[in-house]
Amino acid sequence: MHAYFIAFEINDTSFLVEPAKGSVERSSADRITVPMKNMDASKEPEVGDTLEIVYDGMIAESYPAQITNVYSIDVVKKGDGTSSFLIPVIHHHYIV
């Protein structure tokens, strides 16, 4: 499964992200922690960037919620340093 998020906070080993409004992930939580793994090292995300995260579809129900099985993280749009979602997002679901 893949989804779009805004980088809200960046720590040493994880991101705190805000799911796109209207997304399945947003219906679970407004903030989700995601480990920094399977990420292109040449594209270091910054706060406000839009990230495409491919993961196993599972979200741990805590606060903040957690995505633990991450397959890839890509920066798809550079942000302006804020964490508000200002772009429309088309959400695709793939069954593997």
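Student: How many bridges join strand E2 (residues 14–19) to E3?

Tutor: In this predicted model, E2 and E3 run antiparallel. One of the paired positions places serine 14 opposite proline 35 of E3. The number of bridges joining E2 to E3 is 4.

Student: In E3, which residue is the bridge partner of serine 14, and which way does its side chain point, to the buried face or the other?

Tutor: Strand E3 covers residues 32–35, and its side chains alternate. Ile32 and Val34 point to one face and are buried, while Thr33 shares the other face with the residue in question, and neither of these two is buried. The partner of serine 14 therefore points to the face that is not buried, given the 20% limit for burial, and this partner is proline 35.

Student: In which sense do E3 and strand E5 (residues 65–66) pair?

Tutor: The strands of a sheet pair through backbone hydrogen bonds, in one of two senses. E3 and E5 are joined over 2 bridges, and in E5 glutamine 66 is the bridge partner of threonine 33. The sense of the pairing between E3 and E5 is parallel.

Student: What is the order of the strands in the open sheet?

Tutor: The protein has 1 helix and 6 strands, and along the sequence it follows the pattern β-β-α-β-β-β-β. The sheet contains 6 strands with mixed pairing. At its edges stand E5 and strand E6 (70–77), each pairing on one side only. The order is E5-E3-E2-E1-E4-E6.

Student: Over how many bridges do E4 and E6 pair?

Tutor: Strand E4 (residues 50–55) has pairings with two strands described here. With strand E1 (residues 2–10) E4 pairs in the antiparallel sense over 5 bridges, and phenylalanine 5 stands opposite leucine 51. With E6 the sense is also antiparallel, and isoleucine 53 has isoleucine 73 as its partner there. The number of bridges between E4 and E6 is 6.

Student: Does glutamate 52 count as buried or exposed?

Tutor: Glutamate 52 lies in E4, a strand in which 5 of the 6 residues are buried. Its neighbours beyond four places in sequence include His2, Tyr4, Ser72 and Ile73. Its relative accessibility is 19%, and because the limit is under 20%, glutamate 52 counts as buried.

Student: Which side chain is joined to that of glutamate 52 by a polar contact of 2.8 Å?

Tutor: Glutamate 52 touches His2, Ala3, Tyr4, Ser72, Ile73, Asp74 and Val76, once residues up to four places away are set aside. Of these, the residue whose side chain makes the 2.8 Å polar contact with that of glutamate 52 is histidine 2.

Student: How far apart are the closest N and O atoms of glutamate 18 and arginine 26?

Tutor: Side chains of opposite charge can pair when their charged atoms come close. Glutamate 18 is buried at a relative accessible area of 7%, whereas arginine 26 is partly exposed at 25%. The two residues form a salt bridge, and the distance between their closest N and O atoms is 3.3 Å.

Student: Which residue meets the side chain of lysine 78 in a salt bridge?

Tutor: The total is 2 salt bridges, and the one made by lysine 78 has an N to O distance of 2.9 Å. The pair links distant parts of the chain, the segment after E6 and the loop between E3 and E4, 29 residues apart. Lysine 78 is partly exposed, with a relative accessible area of 47%, while its partner is buried at 1%. That partner is aspartate 49.

Student: At what distance from the ring centre does arginine 31 lie over the face of phenylalanine 8?

Tutor: The count of aromatic pairs comes to 0. The ring of phenylalanine 8 nevertheless has arginine 31 over its face, and the distance from the ring centre is 3.7 Å.

Student: What percentage of the 96 residues of the protein count as buried?

Tutor: Among contacts with a separation of 6 or more, residues 24 or more positions apart account for 63%. Over the 96 residues, the percentage that counts as buried is 38%.

Terms used:
Residues are numbered from 1 along each chain as its sequence is written. This is a predicted model: local features need pLDDT of at least 70, side-chain atom pairs count only at pLDDT 80 or more; totals for chains, interfaces and linings use all residues. Side-chain values use heavy atoms; hydrogens and water are left out. Rings of Phe, Tyr and Trp (its six-membered ring) pair if their centres lie within 6.5 Å; planes under 30 degrees apart count as stacked, over 60 as edge-to-face and the rest as tilted. A charge sits over a ring if NZ of Lys or CZ of Arg is within 6 Å of the ring centre and within 35 degrees of the ring normal. Buried means under 20% relative accessible area, exposed over 50%, partly exposed in between (1.4 Å probe, protein chains only). Two strands pair if DSSP finds at least two bridges between them. A polar contact is a pair of N or O atoms within 3.5 Å; within protein, one must be able to donate a hydrogen and the other to accept it, and residues adjacent in sequence count only if both atoms are side-chain atoms. Contact means heavy atoms within 4.5 Å. A salt bridge is a side-chain nitrogen of Lys or Arg within 4 Å of a carboxyl oxygen of Asp or Glu.
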